[in-house]
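User: I would like to go through the terms used for this model and see what each one rests on. Please show the structure, and then I will ask.

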Amino acid sequence: ENGEEHSFRLYTTKNFPDQNLHLAMTAHEAGKGNFFEFTGTDNSGWLGGIERYPYRGGMEFLFGVYFPQSSIMRGIYRNVFYILTASGLLLLFSIFIGNYFARKLSSELSVLSKDVDKAGRLDIEEKLPINSRIIEIDSMDRSIARMKVSLKSFKKYVPLELVRLLNSMGQEAFIGGERQYLTVFFSDIANFTDISEGLPPESLLEHLSDYFDGMSREILSAGG
């Protein structure tokens, strides 16, 4: 081409400049098959493949390729590393989320447990609702709130200390009684008739409630 001459040189597998070719042919001739592994001059793993192609006149050509394993495995190792890293991060994230929800659930159950215990002792002070995203927890919280409303109504008709005493004894209230020697307190409100006639029913009921509340506290403080 363009008047230039090119010279070519034939090599055998033994005197080829890259001795990895010689090692590849040695591995192939050792009966390792058309696709084989061998150790290169750099003591690293290499892969090789050789195919035979017959030619007319009884001749036979060998076509082969050889390359370091790292040229292929590097990408595989990199992908495996990425997959393992992503899996590890996903696992850590899952553990974090699981631990967060477990702590939140435990905290909400602890609040409900303390609330039920207080209700059992008729300590039914108001508190903010939990507003849990867990349906069962939220349902339990609303049920406890309704129970508190019922207990508040119950306290208006039965002395609180009596209910607490029955609760501490594990005894259920029943119709009946016991024979005991008791001290009975009788009291009279002076001019009650005139007072009641001069007050509307709502105001009279409020005054009576204050009177009974004060007298009941005095009696209960004395163990009555």
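User: What makes S1 and S2 a strand pair, and in which sense do they run?

Analyst: This is a predicted model. In it, S1 and S2 are joined by 5 bridges in the antiparallel sense. Pairing asks for at least two bridges, so the 5 bridges between S1 and S2 satisfy it. One of the bridges has Phe 36 with Gly 48 in S2 as its partner. The two strands form a hairpin with 5 residues between them, and Asn 43 in the turn has a positive phi of about 65°.

User: Which side chains of S1 point to which face, and which are buried?

Analyst: The side chains alternate along S1. Phe 36 and Phe 38 point to one face and are buried, whereas Phe 35, Glu 37 and Thr 39 point to the other and are not.

User: What makes up the largest nonpolar core, and which elements supply it?

Analyst: The core has 7 residues: Ala 24, Met 25, Ala 27, Phe 36, Phe 38, Trp 46 and Ile 50. Helix H1 (19-29), strand S1 (35-39) and strand S2 (45-55) each give at least two of them. H1 provides the largest share, 3 residues. Ala 24 is in contact with Phe 36, Phe 38 and Tyr 66, leaving aside neighbours within four places in sequence. Phe 36, Phe 38, Trp 46 and Tyr 66 form one aromatic cluster.

User: Why is the pair of Tyr 53 and Phe 63 called edge-to-face?

Analyst: The structure holds 8 aromatic pairs. For Tyr 53 and Phe 63 the ring centres are 5.1 Å apart, and the limit for a pair is within 6.5 Å. Their planes stand at 80°, and over 60 degrees counts as edge-to-face, so the name applies. The pair links distant parts of the chain, with Tyr 53 in strand S2 and Phe 63 in strand S3 (residues 59-68), 10 residues apart.

User: Why is the pair of Phe 81 and Tyr 82 called tilted?

Analyst: The ring centres of Phe 81 and Tyr 82 are 6.0 Å apart and their planes are at 55°. Stacked needs under 30 degrees and edge-to-face needs over 60, so the 55° of this pair makes it tilted.

User: Why does Phe 81 count as exposed, and what is Tyr 82 called at 48%?

Analyst: Exposed means over 50% relative accessible area. Phe 81 has 52%, so Phe 81 counts as exposed. Tyr 82, with 48%, is partly exposed, because that value lies between 20% and 50%. Tyr 53, at 45%, is partly exposed by the cut-offs of 20% and 50%.

Definitions and conventions
Residues numbered from 1 in each chain as written. Predicted model: local features only at pLDDT ≥ 70, side-chain atom pairs only at ≥ 80, totals over all residues. Heavy atoms only, no water. Core = buried A, V, L, I, M, F, W, Y, C linked by side-chain atoms within 4.5 Å. Buried < 20%, exposed > 50% of the residue type's maximum accessible area, 1.4 Å probe, protein only. Helix = DSSP H or I, 4+ residues; strand = E, 2+ residues; numbered from the N terminus. Contact = heavy atoms within 4.5 Å.
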